[in-house]
Amino acid sequence: MIRRLVLPLILFIIIVLEGLALELLPLQLLSGDYFIVPHWLFIFLVYIAVFFDHNDTYYSVLYALIFGLLFDVVYTGILGVYMFSYALVIYIVHGIKKMLQGNFYVLLLLATFGIVLIEFAIYGIFSVVGMVDISLESFILNRLAPTILLNLVFLIVIYPFSSKRLDKWKTEIPLGERMR
């Protein structure tokens, strides 16, 4: 019940909040050369991969495909960019998580690694199609670094509310209902 209703609802709310995030951030933070991109949907998908998914379940990847496509439909002009990027990176994160313990430091490491991969994937795709014309150095200093910092703040803020709850919901999935 929880998996079928609450997690998709949380992910949907996060997509809406992510769209409002830049409007709610102080103008001083957004002025100048820096560009901050909230990847809160991705951060919560990492939470699902680390604390909710078993080694043989891939709910996080499925949610990454579905909500990545929804994100593309609502916020971008090219379908599949976020869907592909989120799903691929979450699949990689899920694979790495199998070798590590699910704790705060692993979450922090995997989220940082994932944000870097996503940002480079999106930068690469948008550069190829001609939607972005920015140097790699400028991208790293003015977009990647501030984006990582903002998203790690979000990760830290929601940690007390999310980690234990997702871990508890993980134990509620009956063995027969696990997706293979």
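Let's start at S60, which sits in helix α4, the stretch covering residues 59-75. This is a predicted model, so keep that in mind as we go. Is S60 buried or exposed? Its relative accessibility is 0%, so S60 counts as buried. Once neighbours within four places in sequence are set aside, the contacts of S60 are L45, I48, A49, D53, I90 and H94.

Now step back to the whole chain. There are 7 helices and 0 strands, so from the N terminus the elements simply read α-α-α-α-α-α-α. Of the 180 residues in the chain, 44% are buried. Take the contacts with a separation of 6 or more: 77% of them are between residues 24 or more positions apart.

What about the interior? The largest nonpolar core contains 52 residues, and the ones with the most contacts inside it are F44, L45, V46, Y47, I48 and L166. At least two residues of this core come from each of α1 (2-24), α3 (40-52), α4, α5 (81-97), α6 (104-128) and α7 (136-171). Which helix gives the most to this core? That would be α3, with 13 residues. F44 makes a good place to look around: leaving out residues up to four places away in sequence, F44 touches L7, I10, L11, I14, I158, S162 and L166. F44 also belongs to an aromatic cluster, together with Y47, F51, F104, Y105 and Y159.

Speaking of aromatics, the count of aromatic pairs comes to 17. One of them is F71 with Y86: the ring centres are 6.5 Å apart and the planes are at 40°, so this pair is tilted. Since F71 lies in helix α4 and Y86 in helix α5, the pair ties together parts that are 15 residues apart in sequence. Are these two residues buried or exposed? F71 has 8% relative accessibility and so counts as buried; Y86, at 0%, counts as buried too.

Next, have a look at how the helices pack, beginning with α3 and α7. Their axes are 9 Å apart, at an angle of about 35°, and α3 passes α7 in a right-handed crossing. On the α3 side you'll find W40, I43, F44, Y47, I48, F51 and F52; these meet L150, N151, F154, L155, I158, Y159, S162, S163, L166, D167, W169 and K170 in α7. Sorted by class, the residues of this contact between α3 and α7 are 14 nonpolar, 3 polar and 2 charged.

Then there's α6 against α7. Here the angle is about 145° and the axes are 10 Å apart; the crossing of α6 past α7 is right-handed. From α6, the contact takes in F104, L107, L108, A111, T112, I115, V116, E119, F120, I122 and Y123. The α7 side brings L136, F139, I140, R143, L144, T147, I148, N151, L152, L155, I156 and Y159. By class, this contact of α6 with α7 has 18 nonpolar, 3 polar and 2 charged residues.

To close, follow Y159 of α7 through the picture. Y159 is part of the contact with α6, is among the α7 residues that α3 meets, and is a member of the aromatic cluster that includes F44 and F104.

Key: Residues are numbered from 1 along each chain as its sequence is written. This is a predicted model: local features need pLDDT of at least 70, side-chain atom pairs count only at pLDDT 80 or more; totals for chains, interfaces and linings use all residues. Side-chain values use heavy atoms; hydrogens and water are left out. Helices (H or I, at least four residues) and strands (E, at least two) are DSSP runs, numbered from the N terminus. Buried means under 20% relative accessible area, exposed over 50%, partly exposed in between (1.4 Å probe, protein chains only). Contact means heavy atoms within 4.5 Å. A nonpolar core is a set of buried Ala, Val, Leu, Ile, Met, Phe, Trp, Tyr and Cys residues joined through side-chain atoms within 4.5 Å. Rings of Phe, Tyr and Trp (its six-membered ring) pair if their centres lie within 6.5 Å; planes under 30 degrees apart count as stacked, over 60 as edge-to-face and the rest as tilted. Axes are lines fitted to C-alpha atoms, for helices over the stretch in contact, and angles run from 0 to 180 degrees between N-to-C directions. A crossing is left-handed if the near helix is turned anticlockwise from the far one by less than a right angle, and right-handed if clockwise. Ala, Val, Leu, Ile, Met, Phe, Trp, Tyr, Cys and Pro count as nonpolar, Asp, Glu, Lys and Arg as charged, and the others, Gly among them, as polar.
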